[in-house]
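User: Please take a close look at one part of this model, the aromatic side chains and their surroundings. I would also like the charged contacts to be covered.

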Amino acid sequence: MNRLNLITLGTKNIVKAHQFFKELGFDTSIRGTESNPVIIFFKNQGTKIALYPLEELAKDVNNDNPPAIANGFSGITLAYNAKSMEEVDEVLKKAEAAGAVIQKEPEKTDWGGYGGYFTDLDGYYWEVAYGEDWEFDESNMLIIKDE
């Protein structure tokens, strides 16, 4: 197992979440209809993201004994790696205009980069960050070099 293909986010309102991510610029495909989607896939490069109703996702994990749905920080963040500091600012402004809550305004980081955080409509934390030395491959995936 040396690959992560799909990250599924359980959402409380799949229709609203879909609209939010469309406003951020994500290209999506829907199983079901726009007003009653079963699952939504993002057509992004690299690792894929899917939206799925939260209760159904819990049942998918274990239908007989689904995990409890709780509020609070899950210990998971998602990241968008920008190609400039200006792009970080633009993405955070776009997220806020679409309904996100800015959790951390963009600033210089302790690792030498620049970034901030927002939470989406379901409370997932998204980091938007830029690093001066970052490189991207032909699929726009971040290249992480061994030290």
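Analyst: F21 has a relative accessibility of 3%, so F21 counts as buried; the model discussed here is a predicted one. The ring of F21 pairs with that of F26: the centres lie 5.8 Å apart and the planes stand at 75°, which makes the pair edge-to-face because the angle is over 60 degrees. F26 itself is partly exposed, its relative accessible area being 22%, a value that does not fall under the 20% required for a buried residue.

F26 also pairs with W126. Here the ring centres are 6.2 Å apart and the planes meet at 55°, so this pair is tilted. F26 is located in the loop between α1 (14–23) and β2 (28–32), whereas W126 belongs to strand β8 (residues 125–130); the pair therefore ties together parts that are 100 residues apart in sequence. W126 has a relative accessibility of 5% and so counts as buried.

These three residues are members of one aromatic cluster, formed by F20, F21, F26, F42, F118 and W126. Over the whole structure, a search finds nine aromatic pairs. A further ring, that of F136, has the charged end of K83 sitting over it, 5.0 Å from the ring centre.

Turning to contacts between charged side chains, a search of the whole structure finds three salt bridges. One of them joins E34 and K22, with an N to O distance of 3.0 Å. E34 lies in the loop between β2 and β3 (37–42) and K22 in helix α1, so this salt bridge ties together parts that are 12 residues apart in sequence. Both partners count as partly exposed: E34 has a relative accessibility of 46%, and K22 one of 33%.

Another salt bridge is found between the side chains of E56 and K59, at 3.6 Å from N to O. Both residues lie in helix α2 (residues 54–61), three residues apart, which is about one turn of the helix. E56 is partly exposed with a relative accessible area of 35%, and K59 is likewise partly exposed at 38% relative accessibility.

There is also a salt bridge between E107 and K104, whose closest N and O atoms are 3.8 Å apart; this distance is within the 4 Å limit for such a contact. E107 is partly exposed, with a relative accessible area of 39%, and K104 counts as partly exposed at 34% relative accessibility.

Notes
Residues are numbered from 1 along each chain as its sequence is written. This is a predicted model: local features need pLDDT of at least 70, side-chain atom pairs count only at pLDDT 80 or more; totals for chains, interfaces and linings use all residues. Side-chain values use heavy atoms; hydrogens and water are left out. Rings of Phe, Tyr and Trp (its six-membered ring) pair if their centres lie within 6.5 Å; planes under 30 degrees apart count as stacked, over 60 as edge-to-face and the rest as tilted. Buried means under 20% relative accessible area, exposed over 50%, partly exposed in between (1.4 Å probe, protein chains only). Helices (H or I, at least four residues) and strands (E, at least two) are DSSP runs, numbered from the N terminus. A charge sits over a ring if NZ of Lys or CZ of Arg is within 6 Å of the ring centre and within 35 degrees of the ring normal.
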